[in-house]
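Trainee: I should like to learn how to read a predicted model systematically. May we take one feature at a time, with the general rule stated before the particular case?

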2 protein chains.
Amino acid sequence: MKNIRIKDIAVKAKVSAGTVDRVLHDRGNVSEKVKERILKIIEEMNYEPNLMARALGTKKEFHFVALIGDPRYDAYWLDPKAGIQKAAKEARQYGVKVTLLMFNPYDPGSFVKKAEEASKLNPEGILLAPMFYREVLPFFEAWKKQEIPFVLFNTQIAEFDPLSYIGQDSYQSGQVAGKLIHYGQPQGSSILIAHIDEEISNSAHLTKKEQGLRNYFIQNNLDHQYEIIKAELNLRNYAMFVEQLDSIFESNPQLQFCFVTTSKAFEIAKYFEQKFINHIRIVGYDLIPQNLHYLNKGAISFLINQNPLGQGYWGINQLVNHLVFKKEISAIKFLPLDIVTKENLNYYIEDSMLHNRF
Amino acid sequence: MKNIRIKDIAVKAKVSAGTVDRVLHDRGNVSEKVKERILKIIEEMNYEPNLMARALGTKKEFHFVALIGDPRYDAYWLDPKAGIQKAAKEARQYGVKVTLLMFNPYDPGSFVKKAEEASKLNPEGILLAPMFYREVLPFFEAWKKQEIPFVLFNTQIAEFDPLSYIGQDSYQSGQVAGKLIHYGQPQGSSILIAHIDEEISNSAHLTKKEQGLRNYFIQNNLDHQYEIIKAELNLRNYAMFVEQLDSIFESNPQLQFCFVTTSKAFEIAKYFEQKFINHIRIVGYDLIPQNLHYLNKGAISFLINQNPLGQGYWGINQLVNHLVFKKEISAIKFLPLDIVTKENLNYYIEDSMLHNRF
DNA sequence: TAAAAAAATGTGTGCGCACACAATGTGTTT
DNA sequence: AAACACATTGTGTGCGCACACATTTTTTTA
């Protein structure tokens, strides 16, 4: 009936609590015979440790490092940062300290510098957004050697199996976009895929989103009804950005949808606003303020929420669960592909993400 | 730096831990002067109790009752039940026991009987889905007198302020449906609102959903472009149900959308399947297996997820937080209005709702 | 003014666990 | 057989809190 404790097991096995403890933590110094007996009883009685007591008793300190983009360069990172801080605050009472290291998300060199710093701190665990594929690989090796477990979020990199990956299934999000476009124009239409402001060569997830969209139409035998145009755009030179768009929309007057694979959908919306274009519907990513502005105006139809707050929150949580509570954790944690529109927006912003959801 | 404990406060206030404890729990027997001094220090030092230790130390037992619909009559209730059980399992180690009482959701008498049973058990707290407005009111009064706090979910009833309400903003979900329909047919169309299988007089939320939808078009000055037809249907007599639908679709051949306010969207989809109708798009509620079947087939375009699992889970959680941890809890907890389609379905079903979300 | 009552404050214990340390037991060597 | 090493097992303490109980101080009463 009641929860079984170590002591209950000890009594049943006719040993002391210490011996049971040694078996539970596999710390040796237990005769094979007794060990097996205890193990059997643990199994039988379905023992589950009281995590409260465990956390209370241990005075061990944990030091984690979170390596993320700096919000000063890209406001997107405000949310992961907030999620991490929220989780860090909650974990503080278990002796967890989190050091935030933030790099310039447009500068691989900055990433390397911060990653080196992370290594030097020799933390018990690392949470990072491995934005730069080439640059991050040596660190994975190093951390493996240093035996520092790391959790990835935001960008999935399968190699060098991390402790866990938190994020979204980018491919599937492309499929969702496909569905939204298809539903919005069942008879077929013309679509612009816009990759804005990221090195596509270094960010596999953009390609995955594109593939997801394209395959949606192929799988549904709609590919001959939907024309897809692809563009890689850059905002470093805004005049050029506008010029490129001008050229695209002049030569493709039949365009009806724009699928923006990055968080820059608002730039397209702004462009449309300036050019008085209002017949092209936009589907994009990320609930950043600029996007929300145009979502509320109706210029952006849907945003797919990557729940960056949740990513940061769960990322730290995975480390805590693994290292502090010694729980088993899942290697991949896909967050939901929330379809956000003006009407349900309220439930996806702010820390309602932390209070109201799982 | 470190977390402050009661003892730290005691030292600073030059009293013993016991006195601080009395102040913290407002148990009296402390001189006004000392009380204020301690209170000030608590404020200053930003004391936050260690919930682990608190839970560990208390051997108090809590008994909660959950009063929900019986899944044998309506599979919808499987999810709330699962969520409740999940939360109950987690709370067991804090000495919480949850008794599930399940009533026939089509029979007010059954509800009354189970509610009486709940009263008799004299639990520390009650979680219930107050499906029958008239019948539930006397119980609210009784529980107020018995000083049993109760949490509502699924159906919102503002009167007799419950400890908390967990659920969805029904009106807003109607707005979401409006948006989906508008987006799917921007030039205007004809919509059937179907209330299936529930006493509309006794379920305010159906009306709210309808209002949400209607107001969407009014607010956006689209009401003259969109024609709305309303139907209250009943499945007790299936032949009659079909007949009613026949009559509706014959006299309204221009219908393009069907908005089902209950979880019975699949019945419409099934009807369409039999009649070889495939040009009318369906928006409904709830991820029950029958609905998912037609969602995957493409017959249902969107389902609005009410996250019933989460409702049950959070319902118990509110009671636990309030009574066990003595945390402050919010009076209303609106869960997100998830827009679910075939492509993002996977992330909204099963207990992924419990693992992957907040 | 001493005793009794009441108010205010202090002390000690257990919750379940982890871990350091103490205490056994077993076998080997001299 | 004593002395030793080593394997195995048992004991005790603290984590922060709640609460019962003990003690001290203040106030009231006779």
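Trainee: Why does A:Asp21 count as partly exposed?

Mentor: Burial is read from relative accessible area: buried means under 20%, exposed over 50%, and partly exposed in between, with a 1.4 Å probe and protein chains only. A:Asp21 is partly exposed because its relative accessibility is 22%. Please note that this is a predicted model, in which local features need pLDDT of at least 70 and side-chain atom pairs count only at pLDDT 80 or more, whereas totals for chains, interfaces and linings use all residues. Residues are numbered from 1 along each chain as its sequence is written, chains are lettered from A and ligands numbered from 1 in the order written, and side-chain values use heavy atoms, without hydrogens and water.

Trainee: With which residue does A:Asp21 meet in a salt bridge?

Mentor: A salt bridge requires a side-chain nitrogen of Lys or Arg within 4 Å of a carboxyl oxygen of Asp or Glu. The partner of A:Asp21 is A:Arg27, at an N to O distance of 2.9 Å. Over all chains, the rule yields 24 salt bridges.

Trainee: Which distant parts of the chain are linked by the pair of A:Asp74 and A:Lys264?

Mentor: In this salt bridge the closest N and O atoms of A:Asp74 and A:Lys264 are 3.8 Å apart. A:Asp74 sits in the loop between strand E1 (62-69) and helix H5 (78-91) of chain A, and A:Lys264 in the loop between strand E8 (255-260) and helix H11 (265-275), 190 residues apart. Helices (H or I, at least four residues) and strands (E, at least two) are DSSP runs numbered from the N terminus. Both A:Asp74 and A:Lys264 are buried.

Trainee: How many residues apart are B:Glu210 and B:Arg214?

Mentor: They are four residues apart in helix H9 (residues 204-219) of chain B, about one turn of the helix. Their side chains form a salt bridge of 3.0 Å, N to O. B:Glu210 counts as buried because its relative accessibility is 4%, while B:Arg214, at 25%, counts as partly exposed. In chain A, A:Glu210, A:Arg214 and A:Lys230 are linked in a network of salt bridges.

Trainee: How many residues surround DNA strand C?

Mentor: A residue is near a strand if one of its heavy atoms lies within 4 Å of it. By that criterion 22 residues surround DNA strand C, the closest being A:Ile6, A:Arg27, A:Tyr47, A:Arg54 and B:Ser16. Of the strand's atoms within 4 Å of the protein, 68% belong to sugar or phosphate and the rest to bases.

Trainee: Which side-chain atoms lie close to phosphate or base on DNA strand C?

Mentor: A polar side-chain atom of A:Arg54 lies 2.5 Å from a phosphate oxygen, and one of B:Arg22 lies 2.9 Å from a base nitrogen. Helix H4 (51-57) of chain A, with helix H2 (17-24) and helix H4 (51-57) of chain B, are the elements giving two or more residues to the surface near this strand.

Trainee: Which side chain does B:His182 join in a polar contact?

Mentor: A polar contact is a pair of N or O atoms within 3.5 Å; within protein, one must be able to donate a hydrogen and the other to accept it, and residues adjacent in sequence count only if both atoms are side-chain atoms. B:His182, in helix H8 (residues 170-184) of chain B, joins the side chain of B:Tyr216 at 2.8 Å.
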